[in-house]
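Colleague: I would like a close look at one sheet of this model and at what packs around it. Please take it slowly and keep to the geometry.

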Amino acid sequence: MRVRDLGIVPGQLPAGEFNAITDVPGVLVGHTTLIQDEVVRTGVTAVLPHGDNLFREKVAAGVATINGFGKAVGFEQIRELGVIETPILLTNTLNVGKVADALIAYMLRTNPEIGLATGSINPVVGECNDQFLNDLRGRHVQAEHVFAALESAAGGAVAEGNVGAGTGTLCFQFKGGIGTASRRVDAYTVGALVQTNYGQRAELLFLGAPMGQQLLDEALPQVGGGSIMMIIATDAPLDARQLTRLANRSAFALGRTGSVGHHGSGDFAIAFSTTNRTSHTPAARINPPLVRDDALDPLFAAVVESLEEAILNALLTAETLTGRSGNTAFALPKDRLVELLKRYGRL
């Protein structure tokens, strides 16, 4: 179940065909989900800005750190140079190094000139801590899992909830995971994908209604206030500065869901443009004219709407899961949600 399956159409802007980040032409998503024995509840998610060689055709990008309690890899070079040159990978906290290493190996395999005829590579990896359900110390995501996520990446509908990097994560002390959504703005599309693991139950707002306050009697895991990774894609021709402005708007989407940005929450956003590309070597490439700054407001709105809906989709599509030490993260109760939405005039 996604938000729109409830009969709700959130926001004011129209969604794309799949209401997913893959509505942005060229964007691909792949997952590897690891559910093994009683302790492994983790995985890796890959987002490819396009299906061509990203090292040779980099995309303009910007990043934002809302709260920096996390292990984001590659952000400083994106801030400095304004481009992304690898797929974006999401995983768990203690697997960041291994996933980054596998991503480097993948890029070396497809770009034999790296480190010889040209420079090095800037892998981009984000994470959330899934230790409530997963054996974090086991560092179970291996190179073959990373390769599988990259090689299975596809367009169209995107699997959500307990998949990939969202397999073991939470959201407002319910089961969370991967969520996605999109918005159309004139000729352009904005898409979002999230890996949720943040929020205290009492804070949860669902379309502005104080749902968390009404659901405190539901089972509460003894964790909360974790992290979120937010990926924003668009085919609007924007430069790195403008994309950083889009990434900064992610804070407003978090606020709409009730987040206050806890001390221990790693809240990160990455935004990229699929149409503003830079060749690694000098080449005759003419990109479309950039969108004017005074025309960005509809794109800002699209970012906030798509991220908010992606987060709610992660909550709704996630399923109850038991993992390490018998810990259980319970899904958001759909029947009570519908009852409360009606009470607050959202249905």
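**The four-stranded sheet and its helix**

Modeller: Val-29 stands opposite Val-47, a residue of β2. This is a predicted model, and what follows is computed from it. The pair belongs to the ladder between β1 and strand β2 (residues 40–48), which run antiparallel and are joined over 9 bridges. These two strands are part of an open sheet of 4 strands, ordered β1-β2-β5-β6, in which the pairing is mixed. At the edges are β1 (28–36) and β6 (124–128), and each of them pairs on one side only. Direction ignored, neighbouring strands of this sheet are turned by 15° against each other on average.

A helix packs on this sheet: α2 touches β2, β5 (88–92) and β6. The direction of α2 makes about 155° with that of β6. Angles over 145 degrees count as roughly antiparallel, so α2 and β6 are roughly antiparallel by that cut-off.

α2 also has a helix as a partner. The axes of α2 (residues 96–110) and helix α3 (residues 143–151) come within 9 Å, crossing at roughly 60°. The two helices are therefore oblique to each other, and the crossing in which α2 passes α3 is right-handed. On the α2 side the contact is made by Val-99, Ala-102, Leu-103, Ala-105, Tyr-106 and Arg-109. On the α3 side it is made by Ala-143, Val-146, Phe-147, Leu-150 and Glu-151. Sorted by type, the residues of this contact comprise 9 nonpolar, no polar and 2 charged.

For context, the model has another open sheet, of 6 strands in the order β4-β3-β12-β11-β10-β9, again with mixed pairing. Its edges are β4 (83–84) and β9 (178–185); each has a single partner strand, so one side of each is left without a neighbour in the sheet. Within it, strand β3 (residues 57–68) and strand β12 (residues 266–279) pair in the antiparallel sense over 11 bridges, and Asn-67 stands opposite Asp-267 in β12.

Helices pack on this sheet too. Helix α5 (residues 240–248) lies across β3, β11 (227–234) and β12, and runs at about 35° to β3. α7 touches β9, β10 (188–197) and β11, with its direction at about 150° to that of β9. Asp-297 lies in this helix α7 (residues 297–317). Asp-297 is exposed, its relative accessible area being 55%. From Leu-246, Asp-297 is separated by 51 residues in sequence and by 9.7 Å in space, C-alpha to C-alpha.

Note on methods: Residues numbered from 1 in each chain as written. Predicted model: local features only at pLDDT ≥ 70, side-chain atom pairs only at ≥ 80, totals over all residues. Heavy atoms only, no water. Axes fitted to C-alpha atoms, helices over the stretch in contact; angles between N-to-C directions. Parallel < 35°, antiparallel > 145°, perpendicular 65-115°, else oblique. Left-handed = near helix turned anticlockwise from the far one by under 90°. Contact = heavy atoms within 4.5 Å. Nonpolar A, V, L, I, M, F, W, Y, C, P; charged D, E, K, R; others polar. Pairing = 2+ DSSP bridges. Buried < 20%, exposed > 50% of the residue type's maximum accessible area, 1.4 Å probe, protein only.
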